[in-house]
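Visitor: I would like to learn how to read a helix and a pocket in a model like this one. Could we go through them one at a time?

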Amino acid sequence: MNKSKRFETSVIHAGYDSKQHLGSLSTPIFQTSTFTFDSAEQGERRFAGEEEGYIYSRLGNPTVRALEEKIAELEGGEMGLAFSSGMAAVSAVLVALTKADDHILCSQGLYGCTFGLLSMMKEKYNITSDFSLMETEEELRNRIQPNTACIYIETPINPTMRLLDLEMISRIAKEYNIPVVVDNTFSTPYLQRPLELGCDIVIHSATKYIGGHGDVIAGLVVAKEEFLSEVAMTTQKDIGGVMSPFDAWLLLRGLKTLPVRMDRHSFNAERIFKEMEKHSGIKRVYYPGDTNHPDYSIKEKQMKQGGGLISFEIEGSKENAQELLNLLSFIQIAVSLGDAESLIQHPATMTHAVVPEEERLKMGITDQMIRLSVGLEAWEDIWSDLEQALSKLPAVKEKINN
Ligand SMILES: Cc1ncc(COP(=O)(O)O)c(C=O)c1O
């Protein structure tokens with residue numbers, strides 16, 4: 001990151017100079033598919049890479065570029081690249097890093113569609129994957145194989161909220177010359193900066209906290225220029241999952257308030273976590289800000305705050321978990337996160353439904369688990385909505401009465 005500026009300033013100013021755009025305070029939306037050349041010779045020079053300049057929006061666009069520069073600075077990386085979705089970003093990176101018969105070492109738990117992509121890569125190209133919490137150096141060393149092409153992790157893990165030690169993993173991976181890819185969607189660069197801890201590639205589903213308003217599907221990657229220019233010219237250009245200029249503008253707007261929103265998401269989540277812990281109808285709560293969390297020391301090392309996501313298990317069955325969702329009044333049932341609205345979902349039948357039951361249970365995702373993305377509403381209102389719904393569940397009523 002630009003060392004002379006603090007995060008809260010960079011998030012607003014990085015990557016854009018209004019003087020270069022007729023003084024427009026807001027980044028202009030270059031809603032164009034292509035760019036004209038002054039002459040045939042200029043077109044030739046642009047294609048040959050001998051002259052800087054735009055050619056065609058799948059190869060680069062000024063609004064999208066402003067976002068790419070901003071996210072690179074915020075993550076403390078050399079270059080950023082924007083995609084049409086988080087999954088377009090994940091697949092472009094994984095396809096770029098692997099070849100047939102390779103192996104990928106993953107965190108014990110991944111977003112369901114990332115798991116789906118890995119299953120497809122196994123079926124088509126025999127690219128195998130292993131899942132581990134990588135709790136010790138020894139465990140990590142034992143899991144690395146001669147054909148391990150990359151380590152791919154989420155931390156916090158979706159939805160179990162376990163954490164992985166990024167500094168330790170990147171240190172060991174360097175010994176073996178294996179790149180470490182981190183899906184930083186849950187934390188955002190405001191709470192956690194994997195590149196500063198030695199990791200190589202950061203991915204975001206920008207659909208979530210980066211956008212922050214539930215109105216865009218988008219992905220971002222930050223890494224070294226050498227690697228990302230290669231991705232830009234191969235798996236991005238030729239597969240084609242690029243971001244639209246308007247979506248880039250929405251994200252640029254969302255990013256300006258990222259620190260303010262993340263502070264509030266974390267503040268609300270901490271309070272709701274404390275209430276949940278005391279509630280007899282809730283069996284377990286998973287929140288990285290919990291001082292009794294098994295990975296709390298990792299949280300203290302690498303995360304500024306606990307973030308806005310809480311998973312919890314209720315007393316009762318899968319049907320009771322679904323009933324709880326149906327009983328809520330304003331908390332919305334939806335599978336996204338990081339929006340102003342509190343969103344709640346049932347991972348076993350929604351985000352992780354594609355994961356076979358056996359794998360899902362190994363990941364710790366039970367039928368009673370529910371994931372809450374704590375929104376920006378008053379935390380007291382969020383809690384009272386949850387509490388009134390909990391109080392109506394038969395298994396909870398029984399527990400309270402005993
Ligand atoms: C952790 C994580 N990574 C990646 C994705 C995929 O992102 P998108 O839906 O933007 O394609 C998601 C989506 O929920 C996610 O939660």
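Visitor: How many residues does helix H5 have, and how far does it reach from its first C-alpha to its last?

Guide: One compares the reach of a helix with the span expected at 1.5 Å a residue. In this predicted model, helix H5 (residues 112-125) has 14 residues and reaches 20 Å, which is close to the 20 Å expected. After H5 comes Asn 126, with a positive phi near 55°.

Visitor: Which residues of H5 are buried, and what covers them?

Guide: A residue counts as buried when its relative accessible area is under 20%. In H5 the buried residues are Gly 112, Thr 114, Phe 115, Leu 117, Leu 118 and Met 121, and their cover includes H4, strand S2 (103-107), strand S3 (128-132), strand S4 (148-154) and helix H14 (357-362).

Visitor: How much space lies in the second largest pocket, and which residues are the closest to its centre?

Guide: For a pocket, one can look at the volume and then at the lining. The second largest pocket holds about 380 Å³ of space, and of the 24 residues lining this pocket, Met 87, Tyr 111, Ser 205, Thr 207 and Lys 208 are the closest to its centre. Helix H4 (residues 86-97) gives the largest share of that lining, three residues, while by class the lining has eight nonpolar, 12 polar and four charged residues.

Visitor: Where does the second largest pocket lie with respect to domain 1 and domain 2?

Guide: The second largest pocket lies between them, because domain 1 (7-255) and domain 2 (259-401) both give residues to its lining.

Conventions
Residues numbered from 1 in each chain as written. Predicted model: local features only at pLDDT ≥ 70, side-chain atom pairs only at ≥ 80, totals over all residues. Heavy atoms only, no water. 1 Å grid on protein atoms, 1.4 Å probe; cavity = no way out; pocket = protein on both sides within 12 Å on 5 of 7 lines; lining within 4 Å. Points joined across faces, edges and corners; volume = space filled by probe spheres on them. Helix = DSSP H or I, 4+ residues; strand = E, 2+ residues; numbered from the N terminus. Nonpolar A, V, L, I, M, F, W, Y, C, P; charged D, E, K, R; others polar. Domains from an automatic or database assignment. Expected span 1.5 Å × (residues − 1). Buried < 20%, exposed > 50% of the residue type's maximum accessible area, 1.4 Å probe, protein only. Contact = heavy atoms within 4.5 Å.
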